[in-house]
Amino acid sequence: MTLDGEALEQLRKRARAGGADKYHAANAAKGKLFARERVALLVDEGSFVEDGLYANATADGLPADGVVTGTATIDGRPVCLMANDSTVKAGSWGARTVEKIIRIIERAYTSSVPMVYLVDSAGARITDQVELFPGRRGAGKIFWNQVRASGSIPQVCALFGPSAAGGAYIPAFCDVVAMVDGNASMYLGSDRMVEMVTGEKTTLEAMGGAKVHCAESGVGHFLCKTEADALDVVKRYLSYLPANWTQAPPVAPAVAAPEKADLAALVPASERQAFDMRRYVKGLLDEGSFFEIQALWAKELTIGFGRLDGEVVGVVGNNSMFKGGVLFVDSADKATRFVQLCDAFNVPLLFLSDVPGFMVGSAVEKQGIIRHGAKMITAISEATVPKICVVVRKAYGAGLYAMAGPGFEPDATIALPTAKIAVMGAEAAVNAVYANKIAAIEDEAARAAFVAAKREEYERDIDIVRLASELVVDAIVEPHELRAELVRRFAAARNKERHFSRRRHGVTPV
């Protein structure tokens with residue numbers, strides 16, 4: 001088939017137009033953009049170079065086979081990307097769709113640049129299953145490539161519509177997922193399939209909507225109001241990470257901490273009084289730099305990227321505003337994944353401890369709290385990036401271990417003057433040791449005096465100056481000195497030797 005210039009231009013125009021006008025109109029009514037509009041909003045103007053535009057060009061009604069793939073730059077930095085076109089058979093996968101996705105992930109990996117997934121797909125086309133599903137270059141190869149690329153290059157997903165069945169694993173294998181509220185969903189089986197198989201009557205939104213995954217399952221990381229917000233998340237996420245695992249995170253101009261930030265005033269003297277660790281983090285880092293991840297899930301732990309004097313750091317902090325800052329199954333998983341992410345991409349870790357320990361009781365034991373806690377402690381142990389533990393208020397029990405305490409080779413353990421490090425808090429310790437004796441004292445005043453005396457004795461035993469004299473902590477600093485101390489210590493640790501163990505890989509307690 002020979003094409004003249006006009007015929008070729010018509011072929012290109014049809015491929016770039018996507019599906020029929022009625023599908024464009026239906027998407028617009030839901031507040032959804034066309035796939036190519038999403039790409040244009042995300043990347044630098046004029047930088048996109050498309051691959052596979054003519055995929056399935058000889059078929060009827062399958063322009064580009066329902067997926068846009070290619071290379072571009074975002075803020076001047078190269079990326080590879082794919083974008084499902086939901087105007088073409090609801091963004092479903094055919095054989096050429098799968099091949100295009102495989103090829104662009106392979107290119108991202110071999111080029112050592114980030115991979116961006118703009119997902120809006122109803123899943124595989126059942127009519128094409130033999131061609132797209134089981135073979136060596138079938139859909140499974142997408143996930144194989146994602147796993148191979150994990151930790152080698154950043155992978156970020158913005159989810160604008162459904163990500164159904166096997167396709168739901170594309171977001172799951174990404175570092176982070178931004179979901180558009182009201183339109184985005186992830187599920188392995190549709191609501192109709194669920195009812196047929198289990199008898200449960202549900203809806204896609206109730207089962208796998210954006211709020212469910214961002215607040216309950218933890219598969220989603222950012223709940224976004226609009227598609228533009230989701231694309232901004234992609235840009236901002238990539239701004240904190242290097243292009244690949246061999247590079248350092250990008251440095252930005254240094255910005256001072258907020259002028260009005262009074263770190264000492266933010267932390268109540270009483271352990272029983274909660275405070276918001278997010279405010280503390282924002283007061284410590286460069287102003288406006290904190291980028292919280294998974295803000296709606298396992299809120300007893302705060303994680304995210306930020307900058308100290310322009311240098312990227314990853315922050316892990318206990319938040320007593322939620323569940324007293326106690327570590328649960330979900331918060332252990334949340335920390336594990338974030339620590340692994342930072343370690344993979346050379347992002348130093350800052351732990352801000354105010355932790356009573358891990359949750360106890362039959363409910364969490366049945367959920368596997370020991371296993372999940374071990375997973376978190378494994379990630380802390382294996383992380384070889386610079387890591388600093390700051391005991392903001394307390395670090396009790398295995399919570400000290402989970403927050404990169406002295407036994408886990410942090411580059412420093414820093415305590416504020418009011419910090420406490422112990423197996424447990426004074427009240428719990430006195431009750432544990434003297435429960436019978438306390439119960440035997442009949443006079444109420446005498447009982448109270450005995451408890452107060454034992455608590456005071458316990459507090460002296462765990463005095464932070466004593467711990468510093470025993471070299472348990474490396475420094476005691478005032479809150480207003482903490483930022484400068486961290487800047488200096490992270491700078492000193494920047495070129496540390498990074499090796500953990502003589503092995504291929506550990507056996508993670510998953």
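1. A good place to start is Thr-73, whose side chain makes a polar contact with the side chain of Asp-44 at 2.7 Å. Please keep in mind while reading that this is a predicted model. Thr-73 sits in strand β2, which runs over residues 67-74.

2. What else does Thr-73 touch, once residues up to four places away in sequence are set aside? Besides Asp-44, the list holds Val-43, Ser-47 and Pro-78. Gly-46 is also worth a look: 27 residues separate Gly-46 from Thr-73 in sequence, and their C-alpha atoms are 9.2 Å apart in space.

3. Is Thr-73 buried, partly exposed or exposed? Its relative accessibility is 22%. Buried means under 20% and exposed means over 50%, so Thr-73 counts as partly exposed.

4. Now to another threonine. Thr-302 belongs to strand β10, residues 301-308. With a relative accessible area of 1%, Thr-302 is buried, because the cut-off for that class is under 20%.

5. Thr-302 has a side-chain partner too: a polar contact of 3.5 Å links the side chain of Thr-302 to the side chain of Asn-319. Leaving out neighbours within four places in sequence, the residues in contact with Thr-302 include Arg-278, Phe-290 and Glu-292. Val-315, Val-316, Gly-317 and Asn-319 complete that list.

6. A word on the annotated region. The unreviewed UniProt entry carries the annotation "domain: CoA carboxyltransferase C-terminal" for residues 258-502. In the model, that stretch is 44% helix and 18% strand. The C-alpha atoms at its two ends lie 44 Å apart.

7. Next, have a look at the second largest pocket, which holds about 550 Å³ of space. Its lining is made up of 23 residues. Which of them lie nearest the centre of the pocket? They are Ala-122, Gly-123, Ala-124, Ile-126 and Ala-165.

8. Three elements each give two or more residues to the lining of this second largest pocket: α5 (129-132), α6 (140-149) and α8 (191-198). The largest share, three residues, comes from α8.

9. Finally, how many residues of each class line the second largest pocket? There are 14 nonpolar residues in the lining, along with seven polar and two charged ones.

Technical notes: Residues numbered from 1 in each chain as written. Predicted model: local features only at pLDDT ≥ 70, side-chain atom pairs only at ≥ 80, totals over all residues. Heavy atoms only, no water. 1 Å grid on protein atoms, 1.4 Å probe; cavity = no way out; pocket = protein on both sides within 12 Å on 5 of 7 lines; lining within 4 Å. Points joined across faces, edges and corners; volume = space filled by probe spheres on them. Helix = DSSP H or I, 4+ residues; strand = E, 2+ residues; numbered from the N terminus. Nonpolar A, V, L, I, M, F, W, Y, C, P; charged D, E, K, R; others polar. UniProt positions renumbered as here; feature names shortened; annotations may be inferred. Buried < 20%, exposed > 50% of the residue type's maximum accessible area, 1.4 Å probe, protein only. Polar contact = N/O pair within 3.5 Å; in protein donor to acceptor, adjacent residues only side chain to side chain. Contact = heavy atoms within 4.5 Å.
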